[in-house]
Amino acid sequence: GSDASVNWSSTDKIWVKDDGGNWQQSGAVTFPFATNKAQGKFALSGTYTGSTHKVRYTGKNGVSDKVTIKASQTQNTPNDAAHIADDGDFGVADATGSGKYTFTLNHKAAYVTFMPYTAQDVIAGAKLQKIRIYTNNTSDQLAGKFDLADDGTLSNGTATSNSVELNVSNFSIPSVSTYATNGATMVVNPGTYSNVTIEYTLHDAGSNVTGTVKKTYPSVTFDAGKNTPVR
């Protein structure tokens, strides 16, 4: 829903299904063009003679058949969502070719980018410490550990949570929406959820007071592979 630049990190690896139907993990990404981190190259063991091979990305230290979307996430720098590799980002693709294969990763998690602002001086002087999304239905699965299918859908959730919190490092709150100042991105399980509350935890150092500001929405859809901006 709102553009975000996506790059490979130097430790990223992928999983590829070989001729025998086994998932093989690649080595860490290398970059054919040093200035372009959106394109990476991966070396694999195994035999690959098909015209297409399935590809999965399951985040940092991920496994081939599971995705874990964390209920507690952390972002230390405004407008830098690299943490999602640790907190639940994933994607799938079909690699095509012969000997050397190419693919474009289709991200399948849902992303929410918060850019809060206020015209109220009492709030503008405070710092943002945490953002939380939660529903009133404890069976909702905004986070958890899931089985991953080849098409990128998730199922059979365990250790699920109807709440996801994003801890941030005292981000400022500007008077107009400015993503460079406090853009904070959370990764969640795609889906449509009812009675969704977004809660901001704020701290005022001068008065040493911590409080929350919240708003509840009757229904919210977080689409797979898309970024939902919240201002």
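## A walk through the strands, starting at a loop

Select N208, which is exposed with a relative accessible area of 59%. You are looking at a predicted model, so let that colour how you read each stop. N208 belongs to the loop between β15 and β16. Check its backbone while you are here: phi of N208 is near 55°, a positive value in a residue other than glycine. Most residues other than glycine have a negative phi.

**Stop two: H203**

Now step back along the chain to H203, in strand β15, which covers residues 191-204. Is H203 buried or exposed? It is buried, with a relative accessible area of 17%; the cut-off for calling a residue buried is under 20%. Show everything around H203 and, leaving out residues up to four places away in sequence, you will find it touching A126, K127, Q129, N208, V209 and T210. N208, where the tour began, is one of these.

Two of those neighbours deserve a distance label. The side chain of H203 makes a polar contact with the side chain of T210, at 2.7 Å. Q129 is 74 residues from H203 along the chain, but the two C-alpha atoms are separated by 6.9 Å.

**Stop three: strand β10 and its two partners**

Select residues 127-135 to bring up β10, which is joined to β15 by eight bridges in an antiparallel arrangement. β10 also runs antiparallel to strand β13 (residues 163-171), here with six bridges. Which residue of β15 is the bridge partner of R132? It is E199. In β13, R132 has E165 as its bridge partner. Display R132 together with E199 and E165 to see both pairings in one view.

While β13 is on screen, pick out N170, which lies in that strand. N170 is not a glycine, and yet it has a positive phi of about 50°. This residue is partly exposed, with a relative accessible area of 41%.

**Stop four: the second largest pocket**

Return to β15 and add β16 (209-222): each of these strands supplies at least two residues to the lining of the second largest pocket. The space in this pocket comes to about 340 Å³. How many residues line it? There are 16, and those nearest its centre are P116, Y117, Y200, V213 and R231. Showing those five as sticks is a handy way to find the place. β16 gives the most to the lining, with four residues.

**Stop five: strand β6 and its neighbours**

Next, select residues 91-98, strand β6, which is joined to β3 by six antiparallel bridges. For a residue pair to label, take V55 and its bridge partner in β6, A93. β6 also pairs with strand β8 (residues 106-107) in the antiparallel sense, over two bridges. Here G91 stands opposite H107 in β8.

A further partner of β6 is strand β7 (residues 100-102), antiparallel and joined by three bridges. G97 finds its bridge partner in Y101 of β7. What separates β6 from β7? The two form a hairpin with one residue between them, and G99 in the turn has a positive phi of about 80°.

**Stop six: the loop between β2 and β3**

Follow the chain to the loop between β2 (23-25) and β3 (52-57), where S26 lies. S26 is buried, with a relative accessible area of 4%. Beyond residues up to four places away in sequence, S26 touches K13, I14, F42, A43 and L44.

T47 is found in the loop between β2 and β3 too. T47 is partly exposed, with a relative accessible area of 48%. Leaving aside neighbours within four places in sequence, T47 is in contact with D18 and D19. For a long ruler line across the model, draw one from T47 to A224: their C-alpha atoms are 31 Å apart, and the two positions lie 177 residues apart in sequence numbering.

**Last stop: a three-stranded sheet**

Finish with an open sheet of three strands in the order β4-β11-β12, with antiparallel pairing. Its edge strands, each pairing on one side only, are β4 (66-69) and β12 (154-161). On average, neighbouring strands of this sheet are turned by 20° against each other, direction ignored. Zoom in on β11 (residues 143-148), which four bridges join to β12. There, D147 stands opposite S155 in β12.

Note on methods: Residues numbered from 1 in each chain as written. Predicted model: local features only at pLDDT ≥ 70, side-chain atom pairs only at ≥ 80, totals over all residues. Heavy atoms only, no water. Buried < 20%, exposed > 50% of the residue type's maximum accessible area, 1.4 Å probe, protein only. Contact = heavy atoms within 4.5 Å. Polar contact = N/O pair within 3.5 Å; in protein donor to acceptor, adjacent residues only side chain to side chain. Pairing = 2+ DSSP bridges. Axes fitted to C-alpha atoms, helices over the stretch in contact; angles between N-to-C directions. 1 Å grid on protein atoms, 1.4 Å probe; cavity = no way out; pocket = protein on both sides within 12 Å on 5 of 7 lines; lining within 4 Å. Points joined across faces, edges and corners; volume = space filled by probe spheres on them.
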